[in-house]
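This report describes a predicted model. It begins with the packing of one pair of helices and then turns to burial and model confidence.

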Amino acid sequence: MSETLAKRFGYSEKVMDHFKNPRNVGVIEDADVTSKVGSVACGDLIKLYLKFDPDRDQIKDIKFESYGCAANIATSSMMTEMVKGKTIDEARKVTFKDISETLGGLPKIKLHCAVLSRQGLETAFLKYEAKRGRVRIDELFVNRILRGVLDPIQGVDIISAKILDKTTVDGKKITLSLNASADSELAKSLAEDIRDAFEGLDIELDLKFRE
């Protein structure tokens, strides 16, 4: 993207720097936890890989893979830089507004990219805490994870889009009733994204779509 186009879209020099030279891109093969938020179908997707110092709950390493626009890549890059080396409690104080402001601001239409990167981080923390037995995998936990799963048509999470009809948790079994036809492309896309969202957790997912 040229400097002229960057100015036209309202991107700062920092946004362009992190877009052209993203930090912490890649995969951690032995990651303690991963999180995937967004959807390829709606144009923005982030997958995070985190490694922790378990004694301090400190983020020893964090990397990301991204599919999307310049703002999506830049916000993911900046977010990883801002939280690396921090404890979970410290990193949770970093807001999506902090990410945007540190990048020199984002166009309003692209602010959702900062929100998505921050949701990815929170999803990773929730999964890490669940794996360590610190939080219960209950309906509240499930709904918080699902905030990172987007309806590709509306571009908002499936709870806000009212696609999620009902959540039932029975021990390790999670049953989700969803307002989408079982034989639709939407159902196929959602099933993949939902299963990816819970990847790495010791649970059984039962997804129920409309007949």
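## Packing of helices 6 and 7

The axes of helix 6 (residues 111-131) and helix 7 (residues 139-146) approach within 9 Å and cross at roughly 150°. Axes are lines fitted to C-alpha atoms, for helices over the stretch in contact, with angles from 0 to 180 degrees between N-to-C directions. Helices are DSSP runs of H or I with at least four residues, strands are runs of E with at least two, and both are numbered from the N terminus.

In contact (heavy atoms within 4.5 Å), Gln119, Glu122, Thr123, Leu126, Lys127 and Ala130 of helix 6 meet Phe141, Arg144 and Ile145 of helix 7. The residues of this contact comprise four nonpolar, two polar and three charged; here Ala, Val, Leu, Ile, Met, Phe, Trp, Tyr, Cys and Pro count as nonpolar, Asp, Glu, Lys and Arg as charged, and the others, Gly among them, as polar.

## The buried side of helix 7

Phe141, Val142, Ile145 and Leu146 of helix 7 are buried (under 20% relative accessible area, against over 50% for exposed and in between for partly exposed; 1.4 Å probe, protein chains only). Because these residues cover an arc of only 135° around the axis, they lie on the same side of helix 7; the arc is that of the directions from the helix axis to the C-beta atoms. Their cover includes helix 6, strand 4 (164-170), strand 5 (173-181) and helix 8 (185-197).

## Confidence and conventions

Mean pLDDT, the predictor's confidence in each residue from 0 to 100, is 93 for the protein, and 95% of its residues reach 70 or more. Among the elements, helix 1 (residues 3-9) has the lowest mean, 55, and helix 4 (residues 88-91) the highest, 98.

Residues are numbered from 1 along each chain as its sequence is written, and side-chain values use heavy atoms, without hydrogens and water. In this predicted model, local features need pLDDT of at least 70 and side-chain atom pairs count only at 80 or more, whereas totals for chains, interfaces and linings use all residues.
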